[in-house]
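Dear colleague,

I am handing over the structure below, together with notes on what was found in it. Please read them alongside the coordinates.

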Amino acid sequence: MSIYDSLNEQQQKGVFTTEGPVLILAGAGSGKTRVLTHRAVYLIEELGVNPYNIMAITFTNKAAGEMKERIENMVGYGSESIWVTTFHSTCVRILRRYIDRLGYGTNFTIYDADDQKSLMKDICKRLGIDTKIHKERMFLSVISSAKDELIDPVEFETRAAGDYNKRRQAEVYKEYQRVLRQNNALDFDDLIFKTVELFKQDKEVLNSYQERFKYIMVDEYQDTNTAQFELIRLLAMKYKNLCVVGDDDQSIYKFRGANIYNILNFEKHFPEATVIKLEQNYRSTQNILDAANGVIANNVGRKDKVLWTDNGEGDKICFEQLESGYEEADYVTRDILRKVRNGGYNYKDCAILYRTNAQSRLFEERFIVSNIPYKIFGGVNFYSRKEIKDLLAYLKTIDNGQDDLAVKRIINVPKRGIGAASINKVINYAMEQDISFYHALRMAGEIPGLGKAAEKIRSFVLFIQSMRARIDSGYSLSRLMQEILETTGYLAELEAEGTDEAEERIQNIDELISKITAYEEEEEQPTLSGFLEEVALVADIDEFDETNDYVALMTLHSAKGLEFPNVYLAGMEDGLFPSYMSISSDDSLTELEEERRLAYVGITRAKEHLTITAARSRMIRGDMHFNRVSRFVMEIPKHLIGGEIYEPKAAERPIQDTPFQKAKKAFRTAAASYIPVTNQREFESANTQKNSLEYQVGDRVRHIKFGDGEVMAIVAGGRDYEVTVDFDKTGTRKMFASFAKLKKI
DNA sequence: GGTTTGAAACTTTTT
DNA sequence: GTTTCAAACC
């Protein structure tokens, strides 16, 4: 009995076909990670391949970490030298070693989206481009797609030919790259682009990596873009032992440059390729799979696959159309409470998936009131918070004064009395002398017209220099951070503020310090650059953690690769999902197919139970929208659905109502009670206080989350009371007595 | 140089 | 409904 006996025939074929190119088409939940890990183990244990010669590439750190752990558990000794990482960290590792051959310093910094935006703003200003008409974002996305397609500024200019708009974009692109190089910085796309450039330019480097990575595996292959494909192609060219695993039906990153033809045409690129299909699903029930199959079958030009399972039919899929987004959130909240109380589920078994991050708010509000533990993924990344970025900018400046952006960010944070006027003088001086911003700061004494600001700049420079000296004399990173917080007065300023917001910022800073400490503990040779690098490449979903008991809220995009026993697909409305952008696009056929794949990803996240919800009306950016049920719901075979679809003549209804209908409906919605009692028995079980309240208007009460406050109003509605409380800290809130569990004090 | 206020934009998805 | 940005004011 070997470990490979537990695999099915197709999976075994994927594991044992080690030589030559292999394409594994792996449907959702078909055990592709198992195949990849077993394949690595097979190579090491049965074929005697040195782990050092194996590379596995994934898209997220989380996926990489999991794979690495699973391999380590099976192989034990020696597996740590196997290279399991993301595309981006692979490239950083290579570039840190060799990028000097392209004229960059090996201590380059990595710019995130924020950095890119402020850089672009500078450039537009300098080139006299009105950002009211031509958005920075537009230029950035043009440049990003160019890099994904491996088009450099020169080539871009050639292709622009006589097109005035494109010529301007070419000019911006060129300038953007110039400044990046001057700052010794790379953006995310550069990481891939420059590695490919390095490989093409330097055969010696390419050859050394080809020799090293004799066996290459790529996960989520359907999401690779042209540049990533080229990177892999170059590496695999010599030994051709390339195994890619993916599912064309789960390709959802076209907007980010993913090229679906990388997977659809794999056999054209590698004619000798072995193709293996994994269609047996180990995750979901047959009903869920049939629903997913029914939806995805509407796409054309896909590799034909039909998922099946041994797991049995399972529950029907629930569908509920609610009056509003509020009711939708309420419905889901109650359903979760019910399933946790008597359905044998934990909070962590439940996930709410939605199309846009903005949808999380309503659920969050409901969860706070109902005391349901939850965690929202996506949205504002931890490392994008202001205080964190400020402190990282200090670290970057200490690490590498070449990064003008970081220096400019903190030169007057906290306030040192160095204002915009003085900073502009320094910027001009730096440009004239062709030196970095920080270099110019060091020469502040020689810059004309600075006046008393020069002295302030001097003490800032002295501070940075002294911090550098500390690093050189062996200070730990966490101690350095503490020192920065104290000496600059950053922490003191926040403490003095005393607001809730400041309190939250301080907590985030504490969290940053513990992340620094954790880094120092796990790394053998912790360095400042090393920490900054690790931080630059983390995604929010990497923080996903199965051990805590909370409901997970995330976008459909973030949910890829995850699974939950009980899944809610919320906001299934035409115009929201599929998004209005995709419906009205010039290329709506293609874009709708991508949205449909997203729906397929969402449905297949569910293991046991799937609930689909939609709202008749929804506030979007302050406007009321009336959407019909998502076309994707209509594509699910009717007999699989337990709820009722309330949309008899969907095809006849306009997506947007006329102003008159709109007004009428808005009135009707407003007139309806805020949260109707849909299921009386269930409601009563949630209602712990029945008809009597221990407090009345004017009483002081205590809420478990919001603290103390005064009761302003109590309104009876149905069996419950709607209580308005003016909290000392958070202001006035309305809540239902049965959920809020207010205590009189 | 710093603070306050009001308008305007934003929302599709992110390594 | 929220956040960001600029202009006006102190």
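Across which strands does helix H3 (residues 61-75) lie, and at about what angle does H3 run to S3? In this model, which is a predicted one, H3 lies across strand S2 (54-58) and S3, and its direction is at about 165° to that of S3.

Both of those strands belong to an open sheet of six strands, whose order is S3-S2-S6-S7-S1-S8 and whose pairing is parallel. In general, the strands of a sheet are paired through hydrogen bonds of the backbone, in either a parallel or an antiparallel manner. The edges are formed by strand S3 (83-86) and strand S8 (274-278), each of which pairs on one side only, and neighbouring strands are turned against each other by 15° on average, if direction is ignored. At the S8 edge, five bridges link S8 in the parallel sense to strand S1 (residues 22-26), and Ala-26 has Leu-278 of S8 as its bridge partner.

A further helix, H11 (residues 226-236), lies across S2, strand S6 (215-218) and strand S7 (242-246), and runs at about 160° to S6. The loop between S6 and H11 contains Glu-220, a residue other than glycine whose phi is nevertheless positive, near 50°. That value deserves a second look, because most residues other than glycine have a negative phi, just as most peptide bonds are trans. The peptide bond between Phe-577 and Pro-578 is cis, with omega at about 0°, and Pro-578 is located in the loop between strand S13 (564-569) and helix H27 (580-584).

Turning to helix packing, helix H22 (residues 477-488) and helix H24 (residues 500-522) have axes that come within 8 Å and cross at roughly 155°. Since angles over 145 degrees count as roughly antiparallel, H22 and H24 are therefore roughly antiparallel to each other. On the H22 side the contact is made by Leu-477, Ser-478, Met-481, Gln-482 and Leu-485, while H24 contributes Ile-509, Leu-512, Ile-513, Ile-516, Thr-517, Tyr-519 and Glu-520. By class, the residues of this contact are eight nonpolar, three polar and one charged.

The remaining notes concern the DNA. There are 22 residues around DNA strand B, of which Phe-59, His-88, Arg-256, Arg-355 and Met-581 come nearest. Of the strand's atoms that come within 4 Å of the protein, 60% belong to sugar and phosphate. The surface near DNA strand B consists of five nonpolar, ten polar and seven charged residues, and helix H19 (420-433) and helix H26 (556-559) each supply at least two residues of that surface.

Three individual atom pairs may be useful to you when you inspect this region. A polar atom in the side chain of His-88 is 2.9 Å from a base oxygen of DNA strand B. The side chain of Arg-137 has an N or O atom 3.2 Å from a phosphate oxygen of the strand, and for Ser-422 the distance from a side-chain N or O atom to a phosphate oxygen is 3.1 Å.

With best regards

How values were computed
Residues numbered from 1 in each chain as written. Chains lettered and ligands numbered in written order. Predicted model: local features only at pLDDT ≥ 70, side-chain atom pairs only at ≥ 80, totals over all residues. Heavy atoms only, no water. Near = heavy atom within 4 Å. Polar contact = N/O pair within 3.5 Å; in protein donor to acceptor, adjacent residues only side chain to side chain. Helix = DSSP H or I, 4+ residues; strand = E, 2+ residues; numbered from the N terminus. Nonpolar A, V, L, I, M, F, W, Y, C, P; charged D, E, K, R; others polar. Axes fitted to C-alpha atoms, helices over the stretch in contact; angles between N-to-C directions. Parallel < 35°, antiparallel > 145°, perpendicular 65-115°, else oblique. Contact = heavy atoms within 4.5 Å. Pairing = 2+ DSSP bridges.
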